[in-house]
Amino acid sequence: MVNVGILGDVSVGKTTILRLFVKYVEENALQTKFGTEAAAIVKADFSGEATLPSKDDVKETKTIHPNRVVFRVGTKMHTLFAPGGDDRPLVRMGITTVSRIARLIVAVFDVSRDLESQFEFYSAVRFIPKTIIVALNKADLLGKDMNKKIEEIKKKINEYFKDKRKIDITGFYVTVAESKPGFEGQNDNCAKLILDCIKDQVVGAEAKE
Ligand SMILES: Nc1nc2c(ncn2[C@@H]2O[C@H](COP(=O)(O)OP(=O)(O)O)[C@@H](O)[C@H]2O)c(=O)[nH]1
Ligand SMILES: [Mg+2]
């Protein structure tokens, strides 16, 4: 049993990554793409997602209490928690709780936005485990020179976590959480990073790499 916490500033794509993972499990994609044992969703709770009243037609959602997905691979159960990213007291309480109970943290960044404001989110989280995994999400929005931009972003994120906070990054995953043609590999990375979090417990997850 592994608790995984998915953290990140508002709108970086935490909820979308979680929903994509649920879709992969429901479509048996963990087995077909990564060779895992049979997987199933035990419980998916997105009730913390509130749709905010808005002027336009664009519906904005905000996560009030942590979204939670319990899933099973083989006989092992795992829980993913994705708390909201804004700084309302109730939301911050969810972030603090998740960062303490999670054995593994996935730090999600929106690579199409400036990084400084996203570091501020983490600076407000006092307790973070000594090692984390980083998702570089919305890679589809980078356009030309994607690889070069990704390298620069990795460097800045390493500077923040490693140099400032003494936290090691064990892996970077370039992800796209929305289904976008041409970005299937980056879609797969959303599921792969979660599987890597629990891989010491999942038979077959490494074998197909
Ligand atoms: N283009 C693009 N949009 C994304 C991606 N992931 C999430 N989004 C969009 O970003 C917005 C915020 O996503 P959401 O999952 O609610 O962010 P959260 O606040 O971190 O949970 C939504 O409109 C998503 O559709 C991605 O990889 N690419
Ligand atoms: Mg959310």
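**Notebook: helices α1 and α3, strand β8**

I began with helix α1 and found it mostly covered, with 10 of its 13 residues buried. The model I am reading is a predicted one, and I keep that in mind for every entry below.

I listed the buried residues of α1 as Lys14, Thr15, Thr16, Ile17, Leu18, Arg19, Leu20, Phe21, Tyr24 and Val25. I then checked the length of α1, and its 13 residues reach 19 Å from the first C-alpha to the last, close to the 18 Å expected at 1.5 Å a residue. After α1 I noted asparagine 28, whose phi is positive, near 60°.

Next I looked up the surroundings of ligand 1, where I found 18 residues, of which Gly13, Lys14, Thr15, Thr16 and Ala177 come nearest. I asked myself which element supplies the largest share of the shell around ligand 1. That share, three residues, comes from α1, while α1 (14-26) and β4 (60-63) each supply at least two residues of the shell.

I turned to helix α3 (residues 89-101) and compared its span with expectation: at 1.5 Å a residue its 13 residues should cover 18 Å, and the end C-alpha atoms are indeed 18 Å apart, which agrees. In α3 I found Val91, Gly94, Ile95, Val98 and Ser99 buried. Seen down the axis of α3, these buried residues fall within an arc of 125°, so I take them to line one face of the helix. The general pattern I had in mind is that an α-helix has 3.6 residues a turn, so residues three or four places apart point the same way.

On the face of α3 turned away from the buried side I noted the exposed residues Pro89, Leu90 and Ile101. I also looked up what covers the buried residues of α3, and the cover includes β1 (2-7), β6 (76-82) and β7.

My last entries concern strand β8 (residues 131-137), which I found mostly covered, since six of its seven residues are buried. Strand β7 (residues 104-110) pairs with β8 in the parallel sense over five bridges, and valine 108 stands opposite alanine 135 in β8. I followed the chain from β7 through helix α4 (residues 116-123) to β8 and recorded this β-α-β crossover as right-handed.

With strand β9 (residues 168-174), β8 runs parallel and is joined by six bridges, and here isoleucine 132 stands opposite isoleucine 169 in β9. The chain crosses from β8 to β9 through helix α5 (residues 146-165), and I recorded this β-α-β crossover as right-handed too.

Methods
Residues are numbered from 1 along each chain as its sequence is written. Chains are lettered from A and ligands numbered from 1 in the order in which they are written. This is a predicted model: local features need pLDDT of at least 70, side-chain atom pairs count only at pLDDT 80 or more; totals for chains, interfaces and linings use all residues. A residue is buried if 20 or more other C-beta atoms lie within 10 Å of its own, exposed if 12 or fewer, and partly exposed in between; C-beta atoms are placed from the backbone. Helices (H or I, at least four residues) and strands (E, at least two) are DSSP runs, numbered from the N terminus. Two strands pair if DSSP finds at least two bridges between them. A crossover is right-handed if, with the strands pointing away from the viewer, the path from the first strand over the helix to the second runs clockwise. The expected span of a helix is 1.5 Å times one less than its number of residues. The arc is that of the directions from the helix axis to the C-beta atoms. Two residues are in contact if their C-beta atoms, placed from the backbone, lie within 7 Å. A residue is near a molecule or strand if its C-beta atom, placed from the backbone, lies within 6 Å of it.
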